Amino acid sequence: MSFTRSFSFLASTALLVGASAPFVGDPTAIPPAPAEVHALLASKQPLAKAIEAAEKDTGGLAHEAAFGARGAVTVHTYSSSAHFVVEVDAASGMVMAKESRARFPGVAVEGAWTELPSGLKYFELTAGTGEKPAGPATRVKVHYSGWLTDGTKVDSSVDRGRPAELPLNEFIKGWTEGVGTMQVGGKRKLIVPFDLGYGAGGRLPVIPPKATLIFDVELLAILK
């Protein structure tokens, strides 16, 4: 995949051509036959048993649970300080795997975000000390990684090892605003609502409709 194509999804007028990882509600998935699902569920412990096991293991409270395709129940639990994703064997009720999940993917953050009137939110990861963009037409050089809120990575210039270089007003609106007030050397985590990203329709198959996007962005330079 060429560099130009791989980061062009950030541009407000471009088609998304980055990673193609599936998301919840993957439109390519074939629904299972009802009889197959019924037979599978009939052999399982009640969902309540899986929730009980996950809560006991993590010391948290269950927020959601669902039967998976591998004979497991996935349970999301929350304590006062952590979010866990727990896989419980549906037949035995035993915890098979557990992972702690950060609230946002990428660099860990604490404290309150800054929210702008547009609805854009950001965490200041590192305050820059260099030049600021003069305006929306300023050409910038940035490194970034972007995710859906479930942690699915949709694109990353860091992974490719080559920064993006574009005028600010050719990126999505959330970037134009969020990067536009940064200083060179600064890093931010942007939380971009769908109306400042890819809108109600998204950019299938990578960005689902009305998707909030999370970006870790570093402003490397302002290009003349």
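These questions and answers walk through a predicted model, its cores, its sheet and some of its side-chain contacts.

User: What kind of model is this, and how are its residues numbered?
Analyst: The model is predicted: local features need pLDDT of at least 70, side-chain atom pairs count only at pLDDT 80 or more, and totals for chains, interfaces and linings use all residues. Side-chain values use heavy atoms, with hydrogens and water left out, and residues are numbered from 1 along each chain as its sequence is written.

User: Which residues touch the most other members of the largest nonpolar core?
Analyst: A nonpolar core is a set of buried Ala, Val, Leu, Ile, Met, Phe, Trp, Tyr and Cys residues joined through side-chain atoms within 4.5 Å. Buried means under 20% relative accessible area, exposed over 50%, and partly exposed in between, with a 1.4 Å probe and protein chains only. The largest such core has 28 residues. Those touching the most other members are Val142, Trp175, Val179 and Phe215.

User: Which element gives this core its largest share?
Analyst: Helices (H or I, at least four residues) and strands (E, at least two) are DSSP runs, numbered from the N terminus. The elements giving two or more residues to the core are β7 (139-148), β9 (164-167), α5 (173-180), β10 (187-192) and β11 (213-223). The largest share is five residues, and it comes from β11.

User: How many residues does the other core hold?
Analyst: This core lies apart from the largest one. Among its members are Ala53, Ala54, Val88 and Ala90. Its residue count is nine.

User: What is the strand order of the open sheet?
Analyst: Two strands pair if DSSP finds at least two bridges between them. The sheet has four strands, with antiparallel pairing. β1 and β4 are the edge strands, each pairing on one side only. The order is β1-β2-β3-β4.

User: How many bridges join β2 and β3?
Analyst: A hairpin of four linking residues joins β2 to β3. Val75 stands opposite Val86 in β3. The two strands pair in the antiparallel sense, and the bridges number seven.

User: How many bridges join β3 to β4?
Analyst: These strands run antiparallel. One facing pair is His83 and Arg101, the latter in β4. The number of bridges is six.

User: Why is strand β2 described as largely enclosed by the rest of the structure?
Analyst: β2 spans residues 72-78. On one side, β2 pairs with β1 (residues 61-67) over six bridges, and Tyr78 of β2 is the bridge partner of Leu61. β2 counts as largely enclosed because its buried residues are five of the seven.

User: Is Asp155 buried or exposed?
Analyst: Asp155 lies in strand β8 (residues 153-156). Its relative accessible area is 6%. Asp155 is therefore buried.

User: Which side chains make polar contacts with that of Asp155?
Analyst: A polar contact is a pair of N or O atoms within 3.5 Å; within protein, one must be able to donate a hydrogen and the other to accept it, and residues adjacent in sequence count only if both atoms are side-chain atoms. One contact of Asp155 is 2.8 Å, and its partner is Tyr144. Another is 2.6 Å, and its partner is Arg160.

User: How far apart in sequence are the parts tied together by Phe104 and Phe123?
Analyst: Rings of Phe, Tyr and Trp (its six-membered ring) pair if their centres lie within 6.5 Å; planes under 30 degrees apart count as stacked, over 60 as edge-to-face and the rest as tilted. Phe104 and Phe123 have ring centres 5.9 Å apart and planes at 55°, so their pair is tilted. Phe104 lies in the loop between β4 (95-101) and β5 (114-115), and Phe123 in strand β6 (residues 121-126). The parts tied together are 19 residues apart.

User: Which residue has its charged end over the ring of Tyr122?
Analyst: A charge sits over a ring if NZ of Lys or CZ of Arg is within 6 Å of the ring centre and within 35 degrees of the ring normal. Here the distance from the ring centre is 3.9 Å. The residue is Arg188.

User: Which two residues does a cis peptide bond join?
Analyst: Most peptide bonds are trans. In this bond, omega is about 10°. Pro205, placed in the loop between β10 and β11, is one partner. The joined residues are Leu204 and Pro205.
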